[in-house]
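Good morning, colleagues. Please look at the sequence and the structure as I show them, and I will then take you through selected contacts, one helix and the strand pairings.

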Amino acid sequence: MAAEGARAGRRRLAALTRAPLASAGRTPEKLLIAPQDLRTTDPTRAGEIYAGTFAFAGRLVEVGGGSPFLIEPPTREWASALHGFGWLRHLRAADTALARANARSLVDEWMTTRAGRDAAAAAPATQARRLISWFCHSPLILDGADRAFYRRFLKSLARQARQLGSIASSASDGAPRLQCEAALAYAGLCLAGEARLLKSASRSLGEEIDRQILADGGHASRNPATLIDLLLDFLPLRQAFAARNAQPPQQLLTAIDRMTPMLRFFRHGDGDFAQFNGAGPTPTDLVATILAYDDARGLPVDDAPHSGYQRVAAGEALALIDAGAPPPFALSSEAHAGCLSFEFSSGAERIVVNCGAPRFGRKDWEDAARATAAHSTATVGEASSCRFAPDGLRHFIGARITHGPSKVEARRATDDRGVTVTASHDGYVERFGLVHERALTLSPDGRTLSGVDLFRAVEGRTIEGDPKVAVRFHLHPSVRASQRQDGQGVVLQLPSGVGWTLASPCFSVTLEESVYLASAHGARRSEQAVIHATARGAPSIAWTLERLPGEPAPKRRMPVAEEFDALPL
């Protein structure tokens with residue numbers, strides 16, 4: 001906590017020396033460009049907004065003829081979405097005179113009511129999103145506006161840019177700070193006469209990219225979904241530099257080239273992302289949009305050592321493995337205790353998953369979703385491999401990881417059996433004196449995934465007690481599982497009718513309840529196959545996940561209620 005406080009103090013001191021605008025208090029003469037917004041739109045939302053219905057972050061609020069900026073927001077997430085103005089893209093997509101007038105009226109209302117003083121509106125990340133939204137949708141806002149409104153709009157943009165420039169370095173570490181620096185670069189490009197701001201913002205943006213975007217293209221938080229959010233801002237920013245005939249920071253260009261192959265790295269055959277370290281429901285439409293801008297069409301790497309992930313593909317099968325240590329303390333507010341967890345898919349069908357994180361209402365599920373038991377890996381003593389900040393400290397430092405694996409090793413090998421990834425972590429050494437080691441081997445035809453989970457005592461230490469061990473395989477909600485008669489395995493039926501079997505020759509495999517949090521339809525009931533043992537009685541647990549021979553059975557049509565099987569939140 002002391003170290004983090006010192007870093008925050010240095011950031012605030014550095015902010016005082018920055019020059020966010022060439023002349024403090026000066027109103028720019030005009031807007032030069034309007035960058036493109038790559039986020040998908042829904043023109044029908046324009047009518048809802050005109051009627052006073054604002055649906056954000058899973059909450060719907062009816063304001064009628066009142067102002068949405070003067071009501072008590074239902075959640076902080078809802079307020080951030082409202083004050084971020086990303087919803088302007090829906091009004092622009094409607095492309096009607098009524099939508100344009102409504103957009104201008106709402107922006108004017110925000111400026112008149114001084115809504116920026118609201119705590120949610122003043123947050124650095126929200127300010128950054130609002131600036132980018134106003135720049136991107138300025139043609140919509142200014143269409144039909146008089147000169148007085150145009151001047152007020154420019155004055156508000158300049159004031160917000162100055163304010164963001166003074167607090168950007170105090171934004172939450174990680175993606176929010178990168179988005180703040182990107183917003184300042186947008187301001188330098190879009191506002192006339194701000195060459196000094198553009199130079200300063202470009203330099204700061206390049207420094208943040210160097211610090212946060214890893215050599216293999218992953219983000220330092222180890223959250224795959226962060227790549228999507230950042231690329232949606234980086235790609236239009238690159239185009240904006242080209243439109244102004246300005247030289248972008250080299251870090252921006254190389255980061256885009258590294259990040260887009262990593263999007264493919266984390267994608268399963270159905271287009272969804274693997275659920276690691278805070279990733280939630282995959283916005284497949286946004287991923288497709290981003291990949292359409294990938295000129296290099298780079299293939300994903302197999303080994304991403306800087307991000308701490310491994311990818312093994314053969315035949316139609318794909319295994320993605322978390323083989324990295326937790327992210328740095330400052331970036332761990334959404335990280336999970338999922339070291340050595342894996343996800344497995346065959347073609348477009350997911351089989352083994354992690355529980356993931358919900359899109360909204362994360363606080364309700366936060367502790368459960370981040371626990372090791374919510375991942376397809378092994379738990380010892382019913383404990384997580386990481387420890388999170390207790391409730392009493394979360395107000396000050398957030399729900400960050402305070403203790404976790406410090407030594408995580410991974411290596412790959414290829415032989416006649418296929419590709420083998422062997423990894424280990426020391427997250428259980430302090431409490432139980434155990435190292436968890438896992439070896440996963442995918443056969444060359446992709447029809448067999450073999451695994452061995454080894455629990456070995458650290459040299460010079462004895463195992464503390466005889467802790468229980470559980471090797472978990474969380475199943476995708478579309479998979480139907482049934483117990484084998486011998487009790488040493490389960491049979492899995494995929495929606496296509498293809499069958500797989502999960503078996504452990506020396507241990508019983510049981511079916512237990514689970515939940516899949518990363519569905520676009522909300523939390524869904526699912527199942528998990530679990531191998532229970534004790535650390536002393538089972539230092540090594542071998543298992544296989546094998547495709548059954550034969551053609552797929554006719555696809556069974558599931559009733560709608562069974563297909564979604566949503567859990568009430």
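**Salt bridges, a helix and the sheets**

I begin with D270, which forms a salt bridge with R350; their closest N and O atoms lie 3.7 Å apart. D270 sits in the loop between α13 (250-265) and α14 (284-292), whereas R350 belongs to strand β7 (residues 349-353), so this pair ties together parts that are 80 residues apart in sequence. Please bear in mind throughout that this is a predicted model.

How accessible are the two partners? D270 counts as partly exposed, at 31% relative accessibility, while R350 is buried, with a relative accessible area of 2%. With a cut-off of under 20% for buried, R350 falls within that class because its value is 2%.

Salt bridges that share partners also build a network, and its members are D37, R39, R129 and D233. How many salt bridges are there by the rule applied here? The count comes to 22.

Let me show two further examples. D173 forms a salt bridge with R211, with 2.5 Å between the closest N and O atoms. Since D173 lies in the loop between α9 and α10 (175-190) and R211 lies in helix α11 (residues 195-212), the pair ties together parts that are 38 residues apart in sequence. D173 counts as buried, at 15% relative accessibility, whereas R211 is partly exposed, with a relative accessible area of 39%.

The other example is R152 with D108, a salt bridge in which the closest N and O atoms are 2.8 Å apart. This pair links distant parts of the chain: R152 is in helix α9 (residues 147-167) and D108 is in helix α5 (residues 97-112), 44 residues apart. Both are partly exposed, R152 with a relative accessible area of 38% and D108 with 24%. As a general remark, side chains of opposite charge can pair when their charged atoms come close.

D108 brings us to helix α5 itself. Does the span of α5 agree or disagree with what its residue count would suggest? At 1.5 Å a residue, the 16 residues of α5 should span 22 Å, and the end C-alpha atoms are 22 Å apart, which agrees.

Which residues of α5 are buried? They are A99, N102, A103, R104, L106, V107, W110 and M111. The elements that cover these buried residues include α2 (44-50), α3 (76-84), α4 (88-94), α7 (124-136), α8 (138-142) and α9. Helix α9 thus appears twice in this account: among the elements covering α5, and as the helix that holds R152. After α5 comes R114, whose phi is positive, near 55°.

I turn now to the strands. An open sheet of eight strands runs in the order β11-β12-β13-β14-β21-β18-β17-β16, and its pairing is antiparallel. At its edges stand β11 (408-415) and β16 (480-483); each has a single partner strand, so one side of each is left without a neighbour in the sheet. From one strand to the next, the twist averages 15°.

At the β11 edge, eight bridges join β11 to strand β12 (residues 418-425), and the two run antiparallel. Within this pairing, D415 has G418 of β12 as its bridge partner.

Strand β12 also contains H425. Is H425 buried or exposed? At 2% relative accessibility, H425 counts as buried. The side chain of H425 reaches the backbone nitrogen of G427 at 2.9 Å. Leaving aside residues up to four places away in sequence, H425 touches C339, L340, S385, P405, K407, V408, V435 and H436.

Strand β20 (residues 524-534) offers two further pairings. Strand β15 (residues 468-475) is joined to β20 by seven bridges and runs antiparallel to it, with F473 standing opposite A529. Strand β19 (residues 509-516) also pairs with β20 in the antiparallel sense, over eight bridges, and there the bridge partner of E512 is Q528 in β20.

I close with D294, in the loop between α14 and β3 (303-304). D294 is buried, with a relative accessible area of 5%. A polar contact of 2.6 Å joins its side chain to that of R264. Apart from residues up to four places away in sequence, D294 touches T260 and R264.

Thank you for your attention.

Terms used
Residues numbered from 1 in each chain as written. Predicted model: local features only at pLDDT ≥ 70, side-chain atom pairs only at ≥ 80, totals over all residues. Heavy atoms only, no water. Salt bridge = Lys/Arg side-chain N within 4 Å of Asp/Glu carboxyl O. Helix = DSSP H or I, 4+ residues; strand = E, 2+ residues; numbered from the N terminus. Buried < 20%, exposed > 50% of the residue type's maximum accessible area, 1.4 Å probe, protein only. Expected span 1.5 Å × (residues − 1). Contact = heavy atoms within 4.5 Å. Pairing = 2+ DSSP bridges. Axes fitted to C-alpha atoms, helices over the stretch in contact; angles between N-to-C directions. Polar contact = N/O pair within 3.5 Å; in protein donor to acceptor, adjacent residues only side chain to side chain.
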